[in-house]
Amino acid sequence: MTEVDTRLQSQPISVVDLLDRLLGTGVVLAGEVVISLAGVDLVQVHLAAVIRTVTDELETMR
């Protein structure tokens, strides 16, 4: 284990800090839902979402 890994494990991170980091860099959520009956796919849904703060984009538009 490196020194950086040891430091990161010893310092707890709050939920607010975690959300700030995730939204600052952006998060991509993806998933798939398949409903099937007797081995036959009836409904198939693909989901994708990009979540990011928009303040940076708004500042560049001004």
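Start at the hairpin: select strand 1 (27–37) and strand 2 (40–51), which make a hairpin with 2 residues between them. Strands here are DSSP runs of E with at least two residues, helices are DSSP runs of H or I with at least four, and both are numbered from the N terminus. The two strands run antiparallel and are joined by 11 bridges; for strands to count as paired, DSSP has to find at least two bridges between them.

Before you click further, a word on what's on screen: this is a predicted model, where local features need pLDDT of at least 70 and side-chain atom pairs count only at pLDDT 80 or more, while totals for chains, interfaces and linings use all residues. Residues are numbered from 1 along each chain as its sequence is written, and side-chain values use heavy atoms, with hydrogens and water left out.

**Stop 1: the turn**

Now pick A38, in the loop between strand 1 and strand 2. What is special about its phi? The phi of A38 is near 55 degrees, a positive value in a residue other than glycine. Is A38 buried or exposed? A38 is exposed, with a relative accessible area of 79%. The cut-offs are simple: buried is under 20% relative accessible area, exposed is over 50%, and partly exposed is in between (1.4 Å probe, protein chains only).

**Stop 2: across the strands**

Stay with the hairpin and look for residues facing each other. Select E32 and you'll find H46 of strand 2 opposite. Do the same with A30, and A48 in strand 2 is the residue standing opposite. While you're here, keep a general point in mind: in a regular strand the side chains alternate between the two faces of the sheet.

Next, click Q44, also in strand 2. Q44 counts as partly exposed, at 45% relative accessibility. Which residues does Q44 touch, not counting those up to four places away in sequence? They are E32, V33 and V34, where a contact means heavy atoms within 4.5 Å. Show side chains and you can find a polar contact between those of Q44 and E32, at 3.4 Å. A polar contact is a pair of N or O atoms within 3.5 Å; within protein, one must be able to donate a hydrogen and the other to accept it, and residues adjacent in sequence count only if both atoms are side-chain atoms. Try a distance, too: the C-alpha atoms of Q44 and V33 are separated by 5.8 Å, though the residues are 11 apart along the chain.

**Stop 3: the helix side**

Move to helix 2 (residues 15–25) and select D20, which is found there. D20 is exposed, with 57% relative accessible area. From D20 to T53 the C-alpha distance is 9.3 Å, across 33 residues of sequence.

Then go to I13, in the loop between helix 1 (3–10) and helix 2. I13 is partly exposed, at 41% relative accessible area. Leaving aside neighbours within four places in sequence, I13 is in contact with L18 and R21.

**Stop 4: a nonpolar patch**

Keep I13 selected and add V15, L18, L19, L22, L23, L29 and I51: together they form a nonpolar patch on the surface, with about 660 Å² of accessible area. Which element gives the largest share of the patch? It's helix 2, with 5 residues.

**Last stop: the whole thing**

Zoom out and colour by secondary structure. You should see 3 helices and 2 strands, running α-α-β-β-α from the N terminus on. Of the 62 residues in the protein, buried ones make up 2%. The accessible surface comes to about 5800 Å², and 62% of that belongs to carbon and sulfur atoms; such areas come from the Shrake-Rupley method with a 1.4 Å probe, and for residues only the protein chains shown count as cover. Among contacts between residues at least 6 apart in sequence, 24% join residues at least 24 apart.

Technical notes
Patches are made of residues with over 30% relative accessible area and no salt bridge: like charges are joined within 9 Å, nonpolar side chains (Val, Leu, Ile, Met, Phe, Trp, Tyr) within 5 Å. A salt bridge is a side-chain nitrogen of Lys or Arg within 4 Å of a carboxyl oxygen of Asp or Glu.
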